[in-house]
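Welcome! Please take a moment to look over the sequence and the model, and then read on for a short guided tour.

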Amino acid sequence: MPVTRQRSPNKISLVKQASECRIKWTVGTLAMNNRKSHFLLSASRCAGFTLIELLVVIAIIALLVALLAPSLSSVPAHGRDVICQKNLKELAGLLTMGEYDSGVLPTANSWFSYITKRQAGELMVCPDDNSDNEAESTKPNDMSDLYIVQNCNQFSNIQDVLDRGHSLEDRQIIVNPPGIAGDHGWNPPDPEGGQTLICIDDDAAIMITGGDSTSIESIDPPGDGARCGSEHWVCVDDGSSNWRSELTAVLQSVKNTKTSAMQTDDPRVVMRLTGRQYANIIEEPYTVGTQRASYGMSTAVNSDSPRPGQLMLVEYHTSIVRLKGNFTDIDESLRPRHFGRANYVSTDGSVSSKTSEELEQELNSSQDLGIWGP
């Protein structure tokens with residue numbers, strides 16, 4: 001009878017435990033592999049944007065650019081606006097300084113000459129004129145506003161002298177006299193160069209040179225001839241009712257002194273001619289012709305007693321804002337260069353801005369002409 005060998009309980013237990021461990025290891029391995037696959041799948045999904053997500057990001061960026069572009073583009077324009085207002089304030093300060101010096105505010109047809117004499121012509125150009133080309137080349141004074149003054153009270157209109165060839169008021173004032181290089185000793189003018197010589201006998205002379213801009217230059221007297229007892233000046237008619245008597249008083253106050261035109265502190269005195277009695281005074285040539293200006297001065301401003309708060313200078317097409325009662329040339333001449341508004345400065349130095357419609361309404365809505373009125 002065969003003998004049946006039986007396994008001991010300990011061995012059976014060990015085999016069972018080994019099988020269970022093998023099953024657990026297999027299940028654990030599968031679980032780990034499953035988690036690893038899930039992690040790798042998730043990682044692969046997070047590695048980039050979907051097409052929809054990319055389109056949303058692009059749309060947001062485009063919206064932000066559209067919102068910020070107007071603000072960024074207006075920064076240079078705001079800068080030019082600030083410079084324009086600064087120019088106006090400085091111009092008002094210079095003009096007011098002239099009032100303190102002479103007691104008279106420069107007038108609408110002489111303010112640009114006054115500013116130019118003080119080497120501040122760059123203030124008369126708005127920075128926006130470099131882009132819109134709206135600044136007009138204006139004439140500070142045509143020749144009909146200029147006079148040769150002798151003995152402080154003898155006025156000869158320069159344009160009239162040029163037209164007649166001589167002065168009716170002073171027989172010594174002659175245009176291109178014969179014997180220029182002989183009897184009078186002056187160097188002859190160059191007609192091809194647009195030059196014209198006006199002599200006051202052989203004591204003083206001015207050389208007028210035309211072209212894009214006309215200049216008047218005082219000429220040294222030739223030789224060592226007899227001394228002239230007269231003094232000669234070039235002055236401007238500023239349109240005031242008593243300008244001749246006022247200028248006579250100014251010139252008499254500096255008679256027999258070595259005072260230059262600038263030292264008289266009166267903007268209407270633009271040049272002292274170099275004569276035998278005062279040959280050491282050399283004046284700068286006076287520019288009569290073109291002067292670029294972005295601003296105009298109102299003719300309603302009373303130069304003797306300007307009203308505080310009255311509009312003095314405004315962005316304009318010409319250098320003079322002509323106001324005669326209700327008549328005005330501001331239509332189509334105002335220049336609202338900055339965000340649809342025109343900057344202006346008042347007689348008290350305050351700077352502000354208004355639209356063309358607002359400025360015209362101020363002028364036409366009341367009898368006192370609003371900020372324009374005297």
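Before the tour starts, one cut-off is useful: a residue is called buried when its relative accessible area is under 20%, exposed when over 50%, and partly exposed in between. R268 has 5% relative accessibility, so this residue counts as buried. Please keep in mind that you are looking at a predicted model.

**The overall picture**

- The protein has 374 residues, and 42% of them count as buried.
- Its secondary structure comes to 7 helices and 18 strands.
- Among contacts with a separation of 6 or more, 59% are between residues 24 or more positions apart.
- The accessible surface is about 20800 Å², and carbon and sulfur atoms account for 54% of that area.

**Inside the protein: the nonpolar cores**

- How many residues make up the largest nonpolar core? There are 23 of them, and L91, L95, W111, I115, M297 and L313 have the most contacts inside this core.
- Four elements each supply at least two residues of the core: the helices α2 (51-102) and α3 (111-117), together with the strands β12 (295-298) and β13 (311-315).
- The element that gives the most is α2, with 6 residues.
- I115 makes a good place to zoom in: leaving aside neighbours within four places in sequence, I115 is in contact with L91, L94, L95, A120, G121 and M124.
- Another core, of 20 residues, lies apart from the one that I115 belongs to. Its members include I148, I198, I200 and I216.

**Salt bridges: three to look at**

A search of the whole structure finds 8 salt bridges, including the ones below.

- *R164 with D160.* The closest N and O atoms of this salt bridge are 2.8 Å apart. Both residues sit in helix α5 (residues 158-164), where they are 4 residues apart, about one turn of the helix. R164 counts as partly exposed because its relative accessibility is 45%, and D160 is partly exposed as well, at 23%.
- *E246 with R268.* Here the side chains meet in a salt bridge of 2.6 Å, N to O. E246 belongs to helix α6 (residues 243-253), while R268 is in the loop between α6 and β9 (269-272), so this pair ties together parts that are 22 residues apart in sequence. E246 has a relative accessible area of 26% and is therefore partly exposed, whereas R268 is the buried residue met at the start, at 5%.
- *R337 with E315.* In this salt bridge, the closest N and O atoms are 3.1 Å apart. R337 lies in the loop between β16 (327-328) and β17 (342-346), and E315 is in strand β13, so the pair ties together parts that are 22 residues apart in sequence. Both R337 and E315 are buried.

**On the surface: a nonpolar patch**

- Which residues form a nonpolar patch on the surface? They are I52, V56, I60, L63, L64, L67 and L68, and together they have about 710 Å² of accessible area.
- L63, one of the patch residues, is found in helix α2.
- Is L63 buried or exposed? With a relative accessible area of 52%, L63 is exposed, because the cut-off for that label is over 50%.
- Helix α2 therefore turns up twice in this tour: it gives 6 residues to the largest nonpolar core, and it holds L63 of the surface patch.

Methods. Residues numbered from 1 in each chain as written. Predicted model: local features only at pLDDT ≥ 70, side-chain atom pairs only at ≥ 80, totals over all residues. Heavy atoms only, no water. Core = buried A, V, L, I, M, F, W, Y, C linked by side-chain atoms within 4.5 Å. Buried < 20%, exposed > 50% of the residue type's maximum accessible area, 1.4 Å probe, protein only. Contact = heavy atoms within 4.5 Å. Salt bridge = Lys/Arg side-chain N within 4 Å of Asp/Glu carboxyl O. Areas by Shrake-Rupley, 256 points an atom, 1.4 Å probe, with all protein chains shown as cover. Patch = residues over 30% accessible without salt bridge, like charges linked within 9 Å, V, L, I, M, F, W, Y side chains within 5 Å.
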